[in-house]
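Dear colleague,

I am passing on the structure below, and would ask you to keep it open while you read the notes that follow.

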Amino acid sequence: MKQDRLLPLRAYKNVKGPVVTVIMDGVGIGRGDESDGVAMAYTPILERLKSQSLYTSLKAHGKAVGLPSDDDMGNSEVGHNALGAGRVFSQGAKLVNEAIASGSIYQGPAWKAIEKRCKAGAPLHLIGLVSDGNVHSHVDHLYALLEHASGCSIRSIRIHGLIDGRDVGPKSALDYFLPL
């Protein structure tokens, strides 16, 4: 098996240690106005660190961490997965989008077993988030599963929808359940 290894950037200059990587989980870089809690807080150590030549910030949302679009907010889960990977790879909703688009989601043994049981009369039970937050899921995933199930002649489907007050508005459940 071929081993890939990361090579240093051409412009990299070795520094005398120690070098510390600080990942401030949940602390984003905001607008710098009164709506930005970090900017408004008294942070002399952080300000001193930001003035150092080795300080940098990372884009921790959207396509930079493998989410479907730059409008999709990041979170600890996707950030932790992406940080040490050395490359951007599809995560969460984007990974599911790709599996649906390619049809690979329906090729595995689990889906084949589901089809077999449902064709024998068992109902298909689907449980998951029903929202368009697009970090953990998207309601379009559910619609794609329903369309495929219909095409496979699965006649009985039960949807156990979960609402998500983090990726979408806390009182938006009916916006997703009524059309469903």
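Helix 6 makes a convenient check on geometry, since at 1.5 Å a residue its 13 residues should span 18 Å, and the end C-alpha atoms are 19 Å apart, which agrees. Please bear in mind that this, like everything else here, comes from a predicted model. Within helix 6 the residues Val 139, His 141, Leu 142, Ala 144, Leu 145, Leu 146 and Ala 149 are buried, and what covers them includes helix 4, helix 5 (109-119), strand 1 and strand 2 (157-162). An α-helix has 3.6 residues a turn, so residues three or four places apart point the same way. That spacing may be set beside the buried positions of helix 6, among them His 141 and Leu 145.

The two loops that flank this helix each hold a residue that I looked at separately. On the one side, Ser 137 sits in the loop between strand 1 (124-129) and helix 6 (139-151); with a relative accessible area of 12%, which is under the 20% cut-off, Ser 137 counts as buried. Leaving aside residues up to four places away in sequence, Ser 137 touches Ala 93, Leu 129 and Ser 131. On the other side, helix 6 is followed by Ser 153, which is found in the loop between helix 6 and strand 2. The phi of Ser 153 is near 65 degrees, a positive value in a residue other than glycine, and at 39% relative accessibility Ser 153 counts as partly exposed.

As for the chain as a whole, its secondary structure comes to seven helices and two strands, which along the sequence follow the pattern α-α-α-α-α-β-α-β-α. The radius of gyration is 22 Å, well over the 16 Å that the globule rule gives for 180 residues, so the chain is more spread out than a compact globule. Along its principal axes the C-alpha trace spans about 70 × 50 × 20 Å, and buried residues make up 26% of the 180 residues. Among contacts with a separation of 6 or more, 58% are accounted for by residues 24 or more positions apart.

You will probably want the pockets next. The largest pocket holds about 1900 Å³ of space and is lined by 48 residues, of which Val 22, Ile 23, Thr 56, Ser 57 and Leu 58 lie nearest its centre. The elements that give two or more residues to this lining are helix 1 (37-40), helix 2 (44-50) and helix 3 (76-83), and helix 3 gives the most, with five residues. By class, the lining of the largest pocket has 26 nonpolar, 15 polar and seven charged residues.

The second largest pocket has a volume of about 310 Å³, and of the 16 residues that line it, Ile 127, Gly 128, His 141, Leu 142 and Leu 145 are the closest to its centre. His 141, Leu 142 and Leu 145 also appear among the buried residues of helix 6. Helix 4 (92-102), strand 1 and helix 6 each supply at least two residues of the lining, with strand 1 giving the most, at five residues. The lining of the second largest pocket has 10 nonpolar, six polar and no charged residues.

Which residues lie nearest the centre of the largest cavity? The structure holds one cavity of 30 Å³ or more, and about 40 Å³ of space lies in the largest cavity. That cavity is lined by 10 residues, and Ile 163, Asp 164, Gly 169, Ser 172 and Ala 173 lie nearest its centre. By class, its lining has six nonpolar, three polar and one charged residues.

Two further places deserve a look. The peptide bond from Gly 17 to Pro 18 is cis, with omega near -5 degrees, and Pro 18 is placed in the segment before helix 1. Val 65, in the loop between helix 2 and helix 3, is buried, with a relative accessible area of 5%. Not counting residues up to four places away in sequence, Val 65 touches Lys 59, Ala 60, Val 78, Ala 82, Val 88, Phe 89 and Gln 91. Val 65 and Gly 17 are 48 residues apart in sequence and 29 Å apart in space, C-alpha to C-alpha.

With best regards

Definitions and conventions
Residues are numbered from 1 along each chain as its sequence is written. This is a predicted model: local features need pLDDT of at least 70, side-chain atom pairs count only at pLDDT 80 or more; totals for chains, interfaces and linings use all residues. Side-chain values use heavy atoms; hydrogens and water are left out. Helices (H or I, at least four residues) and strands (E, at least two) are DSSP runs, numbered from the N terminus. Buried means under 20% relative accessible area, exposed over 50%, partly exposed in between (1.4 Å probe, protein chains only). Contact means heavy atoms within 4.5 Å. On a 1 Å grid over the protein atoms alone, a cavity is a set of points where a 1.4 Å probe fits but cannot get out, and a pocket is an open set with protein on both sides within 12 Å along at least five of seven lines; lining residues have an atom within 4 Å of a point. Grid points are joined across faces, edges and corners, and a volume is the space filled by probe spheres set on the points. Ala, Val, Leu, Ile, Met, Phe, Trp, Tyr, Cys and Pro count as nonpolar, Asp, Glu, Lys and Arg as charged, and the others, Gly among them, as polar. The expected span of a helix is 1.5 Å times one less than its number of residues. The radius of gyration is taken over C-alpha atoms; the globule rule is 2.2 Å times the number of residues to the power 0.38.
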